[in-house]
Amino acid sequence: MKTTWMVRAGRGSENIEEFLRHGIVAMGDARLGPLSPSQSKADMLRLYAEKYPEEGEGTRATWASQSARFVSEMKSGDGVITYDSERRLYFVGTLASEYEWAPQLIESKPHMRRVKWTGRVSRDGLSASARNSLGAIQSLFKLGPDVATELAELAVALDTAPEETPPVAPPVAHPAEGKPRSDAELSAEMFDKAGAFVEDAISRLDWEQMQHLVAGILRSMGYQTRVSEPGPDRGVDIFASPDGLGLQEPRIFVEVKHRPGTPMGTKELRAFLGGRKANDKCLYVSTGGFTKDAHYEAERSNIALTLITLPRLRELLLERYEQLDAPTRAMVPLQRFYWPAR
């Protein structure tokens with residue numbers, strides 16, 4: 001099995017779209033300038049000490065290690081994946097070049113390698129152990145062979161419909177790798193994994209439950225809600241207002257699309273906004289995220305429109321969890337977990 005690497009694109013889908021459009025993976029940091037495969041780990045440490053004197057030695061060592069791996073250890077022909085948290089999709093490909101300095105492609109991520117992207121895997125189709133392994137906080141890390149194999153087996157071609165994603169595979173194990181991490185790194189990874197597991201639990205809800213979860217969050221904010229009955233031509237999925245009748249402002253209209261892996265576009269947003277009045281407030285919830293054009297459409301809209309992705313829905317759930325009514329909490333049961341403060 002060939003070596004396979006995770007290279008994170010960061011939060012949101014914008015960098016992912018750039019990765020796919022240009023056929024690359026990339027990492028920050030413009031402050032370093034062009035790097036060379038001939039630079040040793042010690043060279044990287046000295047460079048980070050020069051460019052980031054304000055950072056702690058441990059932080060600089062972590063960054064230097066990841067940069068050294070990206071520049072020197074990764075090889076053309078290795079496997080590579082990246083993750084779109086909005087659409088809950090891992091994209092799978094093969095490295096097709098050595099390291100290049102290319103700030104003209106993504107200014108904030110000028111250190112680049114070319115990639116032939118070939119497939120995608122839904123996070124919901126992975127085993128629990130694979131999801132746990134892929135939740136590591138590092139921007140770049142090497143996958144265990146079992147996880148890499150599972151991803152390769154589940155990957156579907158990029159031009160295949162999301163509904164054709166294969167079913168859940170049997171659990172696999174992932175051997176631990178690397179040196180012990182600092183308390184700060186372990187804490188960051190713990191919180192990152194916890195957030196991913198909460199999103200997993202939300203994603204497992206069916207479409208009707210998802211509507212009631214969103215309505216429950218709105219009720220926790222002081223609104224009265226009305227959820228439409230199942231069936232065609234329902235207008236909007238949820239209506240909310242202070243009095244529940246729409247006589248008091250704000251009047252909130254909510255559309256809920258629970259289609260993991262399928263981003264909503266401008267066509268869906270325009271259909272939702274059709275017939276809305278200037279003072280109406282609109283929420284569009286999509287567990288499959290939104291296209292870049294949809295985000296632009298929302299920003300330009302004359303009607304107040306907020307787009308809610310799955311990561312943002314998770315944040316709202318956690319922020320309001322103690323205020324939720326019992327039926328809403330029961331859909332995503334959570335327990336409080338304590339971690340030592342740094």
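# Chat about a predicted model

Colleague: Quick one to start: is Arg87 buried or exposed?

Modeller: Arg87 is buried: its relative accessible area is 13%, and the cut-off for that label is under 20%. Bear in mind that we are looking at a predicted model.

Colleague: Where is the place of Arg87?

Modeller: In the loop that runs between β3 (79-84) and β4 (89-95).

Colleague: And which side chain does Arg87 make a polar contact with?

Modeller: That would be Asp84, with the two side chains 2.6 Å apart in a polar contact.

Colleague: Let me zoom out for a second. How many helices and strands does the chain have?

Modeller: There are 11 helices and 13 strands. The chain is 342 residues, and 48% of them are buried. If you take the contacts with a separation of 6 or more, 65% are between residues 24 or more positions apart.

Colleague: Thanks. Back to arginines: which helix does Arg131 lie in?

Modeller: Arg131 sits in helix α4, residues 128-133. Arg131 counts as buried because its relative accessibility is 15%, and the line is drawn at under 20%.

Colleague: What is Arg131 in contact with, leaving aside its neighbours in sequence?

Modeller: Once you set aside residues within four places in sequence, Arg131 touches Arg123, Leu126, Asp200 and Arg204. With Asp200 there is also a polar contact between the side chains, at 3.2 Å.

Colleague: New topic, helices. Which residues of α1 are buried?

Modeller: Helix α1 covers residues 14-22, and Asn15, Ile16, Glu18 and Phe19 are its buried residues. Looking down the α1 axis, these fall within an arc of 160°, so they line one face of the helix. Glu14 and Arg21 are exposed on the other side of α1.

Colleague: Why would residues three or four places apart in a helix point the same way?

Modeller: An α-helix has 3.6 residues a turn, so a step of three or four places brings you back to a similar direction.

Colleague: Makes sense. What covers the buried residues of α1?

Modeller: The cover includes β1 (4-7), β2 (24-27), β3, β4, β6 (111-122) and α9. As for what follows α1 in the chain, that is Gly23, with a positive phi near 70°.

Colleague: And α8, which buried residues does that helix have?

Modeller: Helix α8 is residues 266-273, with Leu269, Phe272 and Leu273 buried. These cover an arc of only 95° around the axis, which means they are on the same side of α8. Lys267, Arg270 and Ala271 are exposed on the other side.

Colleague: What covers the buried residues there, on α8?

Modeller: Among the elements covering them are β11 (252-257), β12 (281-286), α9 (292-300) and β13 (304-309). Gly275 follows α8, and its phi is positive, near 90°.

Colleague: OK, now pockets. How much space lies in the second largest pocket?

Modeller: About 690 Å³. It is lined by 15 residues, and those closest to the centre are Ala194, Leu318, Gln335, Arg336 and Phe337.

Colleague: Which helix gives the most to that lining, in the second largest pocket?

Modeller: Helix α6, residues 183-203, which gives seven residues. By class, the lining of this pocket splits into 10 nonpolar, two polar and three charged residues.

Colleague: And closed space? How many cavities of 30 Å³ or more does the count come to?

Modeller: The count comes to one. The volume of the largest cavity is about 40 Å³.

Colleague: Which residues line the largest cavity?

Modeller: Met27, Gly28, Leu35, Ser67, Phe70, Val71 and His111. Helix α3 (residues 57-73) has the largest share, three residues. By class, four of the lining residues are nonpolar, three are polar and none is charged.

Colleague: Last one, Phe239. Which strand does Phe239 lie in?

Modeller: Strand β10, residues 238-241. Phe239 has 7% relative accessibility, so it counts as buried, given the cut-off of under 20%.

Colleague: What is Phe239 in contact with, apart from its neighbours in sequence?

Modeller: Leaving out residues within four places, the contacts of Phe239 are Gln224, Thr225, Arg226, Gly244, Leu245, Gly246, Arg251, Ile252 and Phe253. If you want a C-alpha distance too, Phe239 and Cys282 are separated by 9.5 Å, and they are 43 residues apart along the chain.

Methods
Residues are numbered from 1 along each chain as its sequence is written. This is a predicted model: local features need pLDDT of at least 70, side-chain atom pairs count only at pLDDT 80 or more; totals for chains, interfaces and linings use all residues. Side-chain values use heavy atoms; hydrogens and water are left out. On a 1 Å grid over the protein atoms alone, a cavity is a set of points where a 1.4 Å probe fits but cannot get out, and a pocket is an open set with protein on both sides within 12 Å along at least five of seven lines; lining residues have an atom within 4 Å of a point. Grid points are joined across faces, edges and corners, and a volume is the space filled by probe spheres set on the points. Helices (H or I, at least four residues) and strands (E, at least two) are DSSP runs, numbered from the N terminus. Ala, Val, Leu, Ile, Met, Phe, Trp, Tyr, Cys and Pro count as nonpolar, Asp, Glu, Lys and Arg as charged, and the others, Gly among them, as polar. Buried means under 20% relative accessible area, exposed over 50%, partly exposed in between (1.4 Å probe, protein chains only). The arc is that of the directions from the helix axis to the C-beta atoms. Contact means heavy atoms within 4.5 Å. A polar contact is a pair of N or O atoms within 3.5 Å; within protein, one must be able to donate a hydrogen and the other to accept it, and residues adjacent in sequence count only if both atoms are side-chain atoms.
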